[in-house]
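Trainee: I'd like to learn how to read a model like this one, starting from the fold and ending with the charges. Could you walk me through it?

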Amino acid sequence: MTIDQIVTWIIVGFLLLGVGGVLAGSLQIRSANRLRYFLLRRRRIAKGWRWLLVGAIALLCGFVSTRVGRQVAYRIIPPTASVTPSPTITLTPSITPTPTITQTPTITPTGTITPTATITPTPGLPPEILLLIRETKLPPDQAAFSPPVFARQIDRENQPVNPQEDFQNSTGRIYGAFTYNNLQDSMRWTAIWYLGAEVICLETQLWDGGTGGYGYTECERPIWQPGEYEVQIFFGERWMTSSRFEVLPSTPSAPPTP
């Protein structure tokens, strides 16, 4: 059961208790008027007013829970990030043919007009991955992911610790932390880590992190080669967001001074 479902049941419970308290208090007060003895009538009227007070308090709590219940629940019980599986698909890079004859151009044309790109293509799932995770359900239109922020560590609330855009002498694991909202459980989400056009890490699984909160994707490499890396996140087959970071080449240490 998700946090949203628990908050919904609490709101329904408050509303039922409030309506029941008001009805019980009204019945107690109405029945007191038919009693002949003053003391019994006064006790029953007091009991009826107590029920009315309980019902009013329950209705007020139900109204407050509908406004701020989810925010309070997320602060008390932070959303749990989904378990990140080990990459299940390892793509083997294709062989790059080596040219055998290099022709020397005799005339180098000088360009006079530099075309400006007007449309940036939207990232999509690679065909070989798309065949494996073909989805039949469409994600909600209001579903949203923030661009990942990269760091060596994340805290208990899945927040990045000392986020960076450049890494040097990189080995081990790098996290891509993000926020999400208006998601739907049981939809497939996919995170792909690229070095250039090569897929180096891939995770894809059914979403179970609730509608909103903090999440992350991770990739572990024995050695991170220098270059620019990109992480693309998909919900279902829809591209949601992308972000990039760079691994810098290691700087050689200076020789000792005699």
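Mentor: Let's go through the fold, then the salt bridges, then a charged patch. Keep in mind that this is a predicted model.

Trainee: Fine. Which order of helices and strands does the protein follow along the sequence?

Mentor: Start by counting elements, then read them in order. Here the protein has three helices and 11 strands, and the pattern runs α-α-α-β-β-β-β-β-β-β-β-β-β-β.

Trainee: And what share of the residues is buried?

Mentor: Of 258 residues, 33% count as buried. On the outside, the protein exposes about 17,700 Å², with carbon and sulfur atoms supplying 59% of that area. For contacts, look at sequence separation: among those joining residues at least 6 apart, 69% are between residues at least 24 apart.

Trainee: On to charges. How many salt bridges are there?

Mentor: The idea is to look for a Lys or Arg side-chain nitrogen within 4 Å of an Asp or Glu carboxyl oxygen. That rule gives five salt bridges. One of them pairs Glu220 with Arg173, with the closest N and O atoms 2.8 Å apart. Glu220 sits in strand S9 (residues 213-221) and Arg173 in strand S6 (residues 172-181), so this bridge ties together parts 47 residues apart in sequence.

Trainee: Which residues are linked in a network with Arg173?

Mentor: Glu218 and Glu220 join Arg173 in a network of salt bridges. Arg173 itself is partly exposed, at 34% relative accessible area.

Trainee: Which residue forms a salt bridge with Glu228?

Mentor: That's Arg244, with closest N and O atoms 3.5 Å apart. Here the link is between strand S11 (residues 238-248), which holds Arg244, and strand S10 (residues 227-235), which holds Glu228, 16 residues away in sequence. Arg244 also forms a salt bridge with Glu230, at 3.7 Å between the closest N and O atoms. Glu230 is in strand S10 too, 14 residues from Arg244.

Trainee: Is Glu230 buried or exposed?

Mentor: Check relative accessible area: under 20% means buried. Glu230 has 17%, so Glu230 is buried. Glu228 is partly exposed at 47%, and Arg244 is partly exposed at 49%.

Trainee: Last one: which residues gather in the patch of positive charge?

Mentor: For a patch, ask who belongs and where they sit. Arg30, Arg34, Arg44, Lys47 and Arg50 gather on the surface. Helix H2 (residues 38-76) gives the largest share, three residues.

Trainee: Where does Arg34 lie?

Mentor: Arg34 is in the loop between helix H1 (3-32) and H2. Its relative accessibility is 66%, so Arg34 counts as exposed.

Definitions and conventions: Residues are numbered from 1 along each chain as its sequence is written. This is a predicted model: local features need pLDDT of at least 70, side-chain atom pairs count only at pLDDT 80 or more; totals for chains, interfaces and linings use all residues. Side-chain values use heavy atoms; hydrogens and water are left out. Patches are made of residues with over 30% relative accessible area and no salt bridge: like charges are joined within 9 Å, nonpolar side chains (Val, Leu, Ile, Met, Phe, Trp, Tyr) within 5 Å. Accessible areas come from the Shrake-Rupley method with a 1.4 Å probe; for residues, only the protein chains shown count as cover. Lys and Arg count as positive and Asp and Glu as negative; His and the chain ends are not counted. The place of a charge is taken as NZ of Lys, CZ of Arg, CG of Asp or CD of Glu. Helices (H or I, at least four residues) and strands (E, at least two) are DSSP runs, numbered from the N terminus. Buried means under 20% relative accessible area, exposed over 50%, partly exposed in between (1.4 Å probe, protein chains only). Contact means heavy atoms within 4.5 Å.
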